[in-house]
Amino acid sequence: MFFWILEMLFLVGLAGVPGWFMGGALGAALAALIAMLIYGLSLLWKLDRLERWLSEPVLRKDPPWQGVWREISVRVQRLLRQQEKLAAVHQKQLQDFLQAVQASPNGVVLLDEQARIEWCNDTAAAHLGLDVQRDKLQHIVHLVRDPAFAKYFAQDSHVAETIIEGRASTVLNRQKLSVQLHTYGDGRLLLLTRDITAVAQADAMRRDFVANVSHEIRTPLTVLSGFVETLQSIPLGAEETQHYLQLMSVQSDRMQSLVADLLMLSQLEGNQLPSTQEKVSLVALMLQVTTEAQAFSDWMAKNGEGPVHRLEFAPVPDVHVLGTRSELLSAVSNLVSNAIRYTPLGGRIELHWSITPEGLKFAVQDSGPGIAAEHLPRLAERFYRVDRSRSRETGGTGLGLAITKHVMQRHGGELRIESVLGQGSTFKLVFPQSRVVMASAEAA
């Protein structure tokens, strides 16, 4: 500004001198006025040129100007470059933040002052069944049609969370979501969602486990208590006393089996993974399994007063399995004993080992009643039984398949179950190739 004033005064003075000589004071004033008018018009033209330059979408880097106007253009361009760099930094930070929110396992929904959706990550869209583009600026309550959420949203305080069903829920698998609202900014809301299906299932399994253990122990304890009370209050003969003691022994054995299985499950969950240094001979292992299976079948036939099962044992390959012998014995024996327990007397049970490209397989196929399809996904759960009365009559604890599944997981293998109602069942153990060593290769 100071420069423009000096420039104007210089031009006025420069024009006033000749005007003084030509017309005196009036001529000098008239010449100065004309000089000021010309300077003003020139200044307006330059300002208009500057305005048109600033209005262009992309500013020319080197406008053909001189003096202070060129300095103005240079400073404007420098400020624009600084602003562009700062905007790029902020944009990069925003993108990094949005990427971090997108990578979060929890859902995030940003709501405006009217609780309309401004933005949400993919996790929240999957949890609540939202479409990021279609549902933008839609009221959240109109899209999350859950009575529990509507009641929660209407509350004045949202300190605690609420539980709703996720959009991915099915008849067999109910998805549970924890949702909570947080206020931020000027009346805006932040909605967080978290998938707690696994936690809810674990909590339900824990409650079921405690209830089942209590029930399984209460039954034999009630029987034992009744027998003890009978022996204490009623004089009995030697034969009756012996009969009652025998029944008490059966209940005691049942509780011992239950405690032993519970302890084994606890050890399987808490111990380190089986070593790959111990070699378990499959031939020796199956010799013990077949002996116990034959004895169990004989006991079943004796108590059931029927023919023994037709146990068919295929030749066992001469291989070693890398793992813990007691765990492997338990896994194999559980499948064999279950087949004997649930197959009617006189039925056929086949035991077969095979080496396939997938790994070492053990299959137990029976001619029993089979299992309905809805029971198959839950068979390996603790205390889950298709026929509770049958299991209790034959001494089952309901933990055998759970133990087998844990053992296979610890050995890197898999438990597979195939069954058709009325056509029998096939239980398979699949060991990975890394756990199998050929005996002939070891000898060489």
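Let's start at Glu113, which is partly exposed with a relative accessible area of 43% (buried means under 20%, exposed over 50% and partly exposed in between, with a 1.4 Å probe and protein chains only). The model is predicted, with local features needing pLDDT of at least 70 and side-chain atom pairs counting only at pLDDT 80 or more, while totals for chains, interfaces and linings use all residues. Residues are numbered from 1 along each chain as its sequence is written, and side-chain values use heavy atoms, leaving out hydrogens and water.

Glu113 has a salt-bridge partner in Arg188, with 3.9 Å between the closest N and O atoms (a salt bridge is a side-chain nitrogen of Lys or Arg within 4 Å of a carboxyl oxygen of Asp or Glu). This pair ties together distant parts of the chain, 75 residues apart: Arg188 belongs to strand 5 (residues 188–195), and Glu113 to the loop between strand 1 (107–111) and strand 2 (117–120). Helices (H or I, at least four residues) and strands (E, at least two) are DSSP runs, numbered from the N terminus. Like its partner, Arg188 is partly exposed, here with a relative accessible area of 24%.

The structure has 13 salt bridges by this rule. One of them joins Asp96 to Lys92, at 2.9 Å from N to O. Those two residues are about one helical turn apart, because they sit 4 residues from each other in helix 2 (residues 68–103). An α-helix has 3.6 residues a turn, so residues three or four places apart point the same way. Asp96 itself is partly exposed, at 35% relative accessibility. Another bridge links Glu414 with Arg416, whose closest N and O atoms are 3.3 Å apart. Glu414 is partly exposed at 39% relative accessibility, and Arg416 is partly exposed at 23%. Shared salt-bridge partners join Glu358, Lys361, Glu414 and Arg416 into one network.

That network brings us to a sheet. Here 5 strands form an open, mixed sheet in the order 7-9-10-12-11. Strand 7 (310–313) and strand 11 (414–419) are its edges, and because each has a single partner strand, one side of each lacks a neighbour in the sheet. From one strand to the next, the twist averages 15°. Inside the sheet, strand 10 (residues 359–366) and strand 12 (residues 425–431) run antiparallel and are joined by 6 bridges (strands pair if DSSP finds at least two bridges between them). Ala363 has Lys428 of strand 12 as its bridge partner.

What lies across these strands? Helix 9 (residues 325–342) lies across strand 7, strand 9 (348–356), strand 10, strand 11 and strand 12, and runs at about 25° to strand 10. For such angles, axes are lines fitted to C-alpha atoms, for helices over the stretch in contact, and the angles run from 0 to 180 degrees between N-to-C directions.

Helix 9 also matters for the interior. The largest nonpolar core has 45 residues, and those with the most contacts inside it are Val332, Val336, Phe362 and Leu429 (a nonpolar core is a set of buried Ala, Val, Leu, Ile, Met, Phe, Trp, Tyr and Cys residues joined through side-chain atoms within 4.5 Å). Several elements give two or more residues to this core, including helix 7 (238–270), helix 8 (282–304), strand 8 (319–322) and helix 11 (400–410). Helix 9 gives the most, with 8 residues. Leaving aside residues up to four places away in sequence, Val336 touches Val289, Ala293, Leu351, Phe362 and Val364 (contact means heavy atoms within 4.5 Å). Another core lies apart from this one, with 21 residues, among them Phe149, Ile164, Val179 and Leu191.

Helix 11 is mostly covered, with 8 of its 11 residues buried. Among the buried ones are Leu401, Ile403, Val407 and Arg410. After this helix comes Gly412, which has a positive phi near 75°.

Finally, look at the rings. There are 4 aromatic pairs in the structure (rings of Phe, Tyr and Trp, its six-membered ring, pair if their centres lie within 6.5 Å; planes under 30 degrees apart count as stacked, over 60 as edge-to-face and the rest as tilted). Phe296 and Trp299 are stacked because their ring centres are 6.1 Å apart and their planes at 20°. Phe296 is buried, with a relative accessible area of 16%, whereas Trp299 is partly exposed at 40%. Trp353, Phe362 and Phe431 form one aromatic cluster.
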